[in-house]
Amino acid sequence: LVLGLTALYKAFTSTKAGGEQLKQVMAGISAVIDVVRDRVLKVGEALIKFFTGDFKGALKAGKESVSGFGEEVAKEFRQAAILEQKI
């Protein structure tokens with residue numbers, strides 16, 4: 001797996017266009033990681049509320065942590081890739 005990723009990285013970075021595409025993809029992946037991190041923190045908030053007895057707050061935070069996840073990931077990936085392309 002590591003060798004495959006290394007070969008893919010070298011193939012992309014061997015040309016200027018490939019290097020630029022790789023930068024766009026990496027910017028998108030970084031944005032997706034930020035979204036996932038924020039959602040995990042929201043789940044943690046829901047768990048804390050649940051264990052402290054705030055069941056309504058826990059339910060609300062739990063719903064917020066999963067609602068619109070796919071759309072947000074796609075939007076953030078696109079925006080980061082486009083921004084990287086303009087730089």
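S65 sits in helix α3, the stretch spanning residues 55-66, in what is a predicted model. With a relative accessibility of just 5%, S65 falls under the 20% cut-off and so counts as buried. Once the neighbours within four places in sequence are set aside, the contacts of S65 are R39, K42 and V43. Two of these residues turn up again below: K42 pairs with a glutamate of α3, and V43 belongs to a nonpolar surface patch.

That pairing is a good place to pick up the charged side chains. In total, 6 salt bridges are found in the structure. Side chains of opposite charge can pair when their charged atoms come close. One of the bridges runs between E64 and K42, whose closest N and O atoms are 2.9 Å apart. E64 belongs to helix α3 and K42 to helix α2, so this bridge ties together parts of the chain lying 22 residues apart in sequence. Neither end is hidden away: E64 comes out as partly exposed because its relative accessibility is 35%, and K42 also gets the label partly exposed, at 24%.

A further bridge links E45 with K49, this time with 3.2 Å between the closest N and O atoms. Here both partners are in helix α2, 4 residues apart, or about one turn of the helix. E45 has a relative accessible area of 30% and is therefore partly exposed; K49, at 26%, is partly exposed too. Through shared partners, the salt bridges join K42, E45, K49 and E64 into one network.

D34 and R37 make another pair, again with the closest N and O atoms 3.2 Å apart. Both residues lie in helix α2, and the spacing of 3 residues corresponds to about one turn of the helix. As for accessibility, D34 is partly exposed at 33%, and R37 is partly exposed at 46%.

Next comes the nonpolar side of the surface. V43, L47, F50, F51 and F55 form a patch there, and together they offer about 540 Å² of accessible area. The biggest contributor is helix α2 (residues 16-51), which supplies 4 residues. L47 is a patch member located in α2, and its relative accessibility of 47% makes it partly exposed. F51, also in the patch, is a long way along from V25: the two are 26 residues apart in sequence, with 39 Å between their C-alpha atoms. V25 itself is in helix α2, where a relative accessible area of 37% puts it in the partly exposed class.

V25 also takes part in the packing of α2 against α4. Two packed helices are described by the angle between their axes and the distance between the axes. For α2 and helix α4 (residues 69-86), the axes come within 7 Å and cross at roughly 145°. The crossing is right-handed. On the α2 side, the residues involved are K23, Q24, V25, A27, G28, I29, A31, V32, V35, V36 and R39, and these meet F69, E72, V73, E76, F77, A80, A81, E84 and Q85 of α4. R39 thus appears in this list of α2 residues facing α4 as well as among the contacts of S65 in α3.

What remains is helix α1, which covers residues 2-13. T13 is part of this helix and, at 35% relative accessibility, counts as partly exposed. Leaving out neighbours within four places in sequence, T13 touches G19 and L22. K23, one of the α2 residues meeting α4, is 10 residues from T13 in sequence, and the C-alpha to C-alpha separation is 9.3 Å. A11 lies in α1 as well, and its relative accessible area of 48% likewise makes it partly exposed. From A11 to L22 the C-alpha distance is 9.9 Å, for a sequence separation of 11 residues. L22 therefore comes up twice here, as a contact of T13 and as the far end of the A11 distance.

Notes: Residues are numbered from 1 along each chain as its sequence is written. This is a predicted model: local features need pLDDT of at least 70, side-chain atom pairs count only at pLDDT 80 or more; totals for chains, interfaces and linings use all residues. Side-chain values use heavy atoms; hydrogens and water are left out. Patches are made of residues with over 30% relative accessible area and no salt bridge: like charges are joined within 9 Å, nonpolar side chains (Val, Leu, Ile, Met, Phe, Trp, Tyr) within 5 Å. Accessible areas come from the Shrake-Rupley method with a 1.4 Å probe; for residues, only the protein chains shown count as cover. A salt bridge is a side-chain nitrogen of Lys or Arg within 4 Å of a carboxyl oxygen of Asp or Glu. Helices (H or I, at least four residues) and strands (E, at least two) are DSSP runs, numbered from the N terminus. Buried means under 20% relative accessible area, exposed over 50%, partly exposed in between (1.4 Å probe, protein chains only). Axes are lines fitted to C-alpha atoms, for helices over the stretch in contact, and angles run from 0 to 180 degrees between N-to-C directions. A crossing is left-handed if the near helix is turned anticlockwise from the far one by less than a right angle, and right-handed if clockwise. Contact means heavy atoms within 4.5 Å.
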